Amino acid sequence: MYFPEQDTYLLNESDMDILRIHSLETFGTHDGPGIRMVVFVQGCQFRCLYCQNPDSIDIHGGTLVTIDELVSKALKQKAYFGKQGGVTVSGGEPLLQRAKLIHFFDRLHENGINTCLDSNGRVLDDHTKELLDRTDLLLLDVKHINPEWHKKLTGLNNATTLHIGEHRESTGKPMWLRYVFVPGWTDQEEYLHEWAKHFSDYKTVERVEIIPFHQLGKHKWELMNMEYALEDTLSPTIETLENAKAIFSLYLDNVAIK
């Protein structure tokens, strides 16, 4: 279900110099190239069955942190970023706070810090396009290529996510694609072919990451008294992951299993 009031709330929250965040990771190595400071923002409209941070969904949760404070933290770590590292904003869903992130990314660029956005592609408007202009690398999470399966998995369709991929390709700026591999949900071979074929002509895709499903977030669902639909779903085997990688590699370069 789409919640437009949530989108408006986060876009128009009174102080544009404050971000609502879920958590902060220093010296991250899993969300973009190099060593990165990762800002996990609060609020998401997707309801992914495998979400490992269901406590990041509520737009009223999290902590309010000033952009000044985040820039200051990034500057203290800048020496460790090297040539490839920088700051990644992940989620939750960053695009729900896209207007504020424009200012944040401008501040980072003023200080010579690389910017990366990890997004499920929920919103595409002028603010999104402005933010993507300031995004050195986009990590686009495309949960499923089939709209019906995507809706079963996330509660929403995939049209806007794919449109954001198209927009990014039109700008010529780099992106990585991410795919969470969930047995019984995102492992259908015909859709793996379709997913990879969809992006096969893209020139901006520098890397494709297959992320194996795991149960590490299960305890959070239980603590929040939320029904966890994938309780009986096992992690994928090495064989099935390698098969998915082989299919993707028929169409795309630099495919990796995370």
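This note goes through the sheet, its pairings, a helix pair and one exposed residue in a predicted model.

1. Overall sheet. Nine strands make up an open sheet of mixed pairing, and their order is E3-E1-E2-E4-E5-E6-E7-E8-E9. The edge positions belong to E3 and to strand E9 (255–257); each has a single partner strand, so one side of each lacks a neighbour in the sheet. From one strand to the next, the twist averages 30°.

2. Helix on the sheet. Helix H3 (residues 98–110) packs on this sheet and touches E1, E2, E4 and strand E5 (114–119). The direction of H3 makes about 150° with that of E5.

3. The E3 edge. Strand E3 (residues 63–66) is joined to E1 by four bridges, and the two strands run antiparallel. Within this pairing, leucine 64 of E3 has arginine 20 opposite.

4. E1 with E2. Strand E1 (residues 18–28) also runs antiparallel to E2, with five bridges between them. Two positions help to locate the register: glycine 28 is opposite arginine 36 in E2, and serine 23 is opposite phenylalanine 40 in E2.

5. E2 with E4. On pairing with strand E4 (residues 86–90), the sense is parallel, again over five bridges. Here valine 39 has valine 89 in E4 as its bridge partner. In the strand order, E2 therefore sits between E1 and E4.

6. Burial of E2. How many residues of strand E2 (residues 36–41) are buried? Six of its six are, and the strand is mostly covered. The cover applies to both faces: Arg36, Val38 and Phe40 lie on one side, Met37, Val39 and Val41 on the other, and all are buried. Arg36 is thus a buried residue of E2, and glycine 28 is the residue that stands opposite this arginine. Phe40, on the same side as Arg36, is the residue opposite serine 23. Val39, on the other face, is the one bridged to valine 89.

7. The E9 edge. At this end of the sheet, strand E8 (residues 205–212) and E9 run parallel and are joined by three bridges. Valine 208 is opposite valine 255 in E9.

8. The H7–H9 pair. Two packed helices are described by the angle between their axes and the distance between the axes. For helix H7 (residues 189–198) and helix H9 (residues 238–249), the axes come within 8 Å and cross at roughly 40°. That angle makes H7 oblique to H9. The crossing of H7 and H9 is right-handed. H7 contributes Glu189, Leu192, His193, Trp195 and Ala196, which meet Asn243, Ala244, Ile247 and Phe248 of H9. Sorted by class, this contact of H7 with H9 contains six nonpolar, two polar and one charged residues.

9. Glutamate 148. This residue belongs to helix H5 (residues 147–154). Is glutamate 148 buried or exposed? Its relative accessibility is 60%, so glutamate 148 counts as exposed, the cut-off for that class being over 50%. Glutamate 148 and aspartate 106 are 42 residues apart along the chain, and their C-alpha atoms are separated by 38 Å.

Note on methods. Residues numbered from 1 in each chain as written. Predicted model: local features only at pLDDT ≥ 70, side-chain atom pairs only at ≥ 80, totals over all residues. Heavy atoms only, no water. Buried < 20%, exposed > 50% of the residue type's maximum accessible area, 1.4 Å probe, protein only. Pairing = 2+ DSSP bridges. Axes fitted to C-alpha atoms, helices over the stretch in contact; angles between N-to-C directions. Parallel < 35°, antiparallel > 145°, perpendicular 65-115°, else oblique. Left-handed = near helix turned anticlockwise from the far one by under 90°. Contact = heavy atoms within 4.5 Å. Nonpolar A, V, L, I, M, F, W, Y, C, P; charged D, E, K, R; others polar.
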